[in-house]
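Here is a short briefing on one protein chain. Keep the 3D view open while you read.

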Amino acid sequence: MSSQIIADFSECEGFVNRLATAGPDFKKELKLFLIGLGEEFLRVVQDEIIAREVVDTRLLLNSFSKGGAENVWKLDEGGLTVEVGTNVEYAEFVNDGHWTNSKGQSGRWIPGSWNGSHFEYQPGAKTGMYLRQQWVEGAHYWDIGLKVMEQMIPGLVDKKVEAWLQSYFAGFI
């Protein structure tokens with residue numbers, strides 16, 4: 001999941017620098033806005049996980065957070081950085097897809113038992129299942145979340161800039 005959102009703020013740099021002179025409150029508001037973008041991205045990713053029914057436990061869904069060491073999405077502007085992502089190892093496999101067995105392995109025995117349509121792994125069990133090699137298609141929830149955010153960011157930035165103009169420069173425009 002090495003995808004990233006690229007937001008081009010190059011034309012805004014001079015504007016942001018001028019707004020920074022509006023006082024310390026502006027930098028705080030900019031940081032809150034970036035955090036809000038990160039949180040919105042997480043919400044979109046979680047919605048995609050739910051919509052694709054990719055997990056039957058809440059571990060993956062609840063693992064997405066901002067600011068963790070293992071996060072995979074970063075937005076950096078003017079010294080303000082927001083990182084969001086997950087530290088669950090299998091998140092990338094669920095997103096991108098994966099083979100059920102190691103390369104060159106045609107299948108493997110998994111000890112356990114079936115409880116209805118649910119398989120329960122039980123180390124050392126005499127019963128189980130044989131897992132044949134096959135490709136499991138990814139859910140692409142991360143990639144879809146990136147596309148959704150790329151569509152949303154311009155409108156969110158426009159609205160926020162307009163609010164900042166009204167708040168900080170109402171007497172000048």
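Start with helix α2: its 28 residues, at 1.5 Å a residue, should span 40 Å, and its end C-alpha atoms lie 41 Å apart, which agrees. The model is predicted. The protein has 5 helices and 8 strands. Of its 173 residues, 31% are buried.

**Overall layout**
- Along the sequence, the elements run α-α-α-β-β-β-α-β-β-β-β-β-α.

**Helix α2 and what follows**
- The buried residues in the N-terminal part of the α2 list include Phe 26, Leu 30, Phe 33, Leu 34 and Leu 37.
- The list goes on with Gly 38, Phe 41, Leu 42, Val 44, Val 45, Glu 48 and Ile 49.
- An α-helix has 3.6 residues a turn, so residues three or four places apart point the same way.
- Glu 53 follows α2 and has a positive phi, near 45°.
- Most residues other than glycine have a negative phi.

**The largest nonpolar core**
- This core holds 25 residues.
- Which residues touch the most other members? They are Phe 41, Val 45, Ile 49, Leu 60, Phe 64, Tyr 141 and Trp 142.
- Two or more core residues come from each of α2 (24–51), α3 (59–63), α4 (91–96) and α5 (141–168).
- Helix α2 gives the most, with 10 residues.
- Phe 41, Val 45 and Ile 49 are also among the buried residues of α2.

**Links between distant parts of the chain**
- Val 54 sits in the loop between α2 and α3.
- Is Val 54 buried or partly exposed? Its relative accessibility is 22%, so Val 54 counts as partly exposed; the cut-off for buried is under 20%.
- Val 54 and Asn 95 are 41 residues apart along the chain, yet their C-alpha atoms are separated by 8.9 Å.
- Leu 156 belongs to helix α5.
- Leu 156 counts as partly exposed because its relative accessibility is 29%.
- From Leu 156 to Phe 33, the C-alpha distance is 9.4 Å, across 123 residues of sequence.
- Phe 33 is one of the buried residues of α2.

**The second largest pocket**
- This pocket encloses about 180 Å³ of space.
- What lines the second largest pocket? The lining residues are Arg 108, Ile 110, Phe 119, Met 129 and Leu 131.
- Strands β5 (107–115) and β7 (128–132) each give two or more residues to that lining.
- By class, the lining has 4 nonpolar residues, 1 charged residue and no polar residues.

**Two loop residues to inspect**
- Thr 100 lies in the loop between β4 (97–99) and β5.
- Thr 100 counts as buried because its relative accessibility is 11%.
- The side chains of Thr 100 and Gln 133 are joined by a polar contact of 3.5 Å.
- His 140 lies in the loop between β8 (135–137) and α5.
- The phi of His 140 is positive, near 60°, in a residue other than glycine.
- His 140 has a relative accessible area of 28%, so this residue is partly exposed.

Note on methods: Residues numbered from 1 in each chain as written. Predicted model: local features only at pLDDT ≥ 70, side-chain atom pairs only at ≥ 80, totals over all residues. Heavy atoms only, no water. Core = buried A, V, L, I, M, F, W, Y, C linked by side-chain atoms within 4.5 Å. Buried < 20%, exposed > 50% of the residue type's maximum accessible area, 1.4 Å probe, protein only. Helix = DSSP H or I, 4+ residues; strand = E, 2+ residues; numbered from the N terminus. Expected span 1.5 Å × (residues − 1). 1 Å grid on protein atoms, 1.4 Å probe; cavity = no way out; pocket = protein on both sides within 12 Å on 5 of 7 lines; lining within 4 Å. Points joined across faces, edges and corners; volume = space filled by probe spheres on them. Nonpolar A, V, L, I, M, F, W, Y, C, P; charged D, E, K, R; others polar. Polar contact = N/O pair within 3.5 Å; in protein donor to acceptor, adjacent residues only side chain to side chain.
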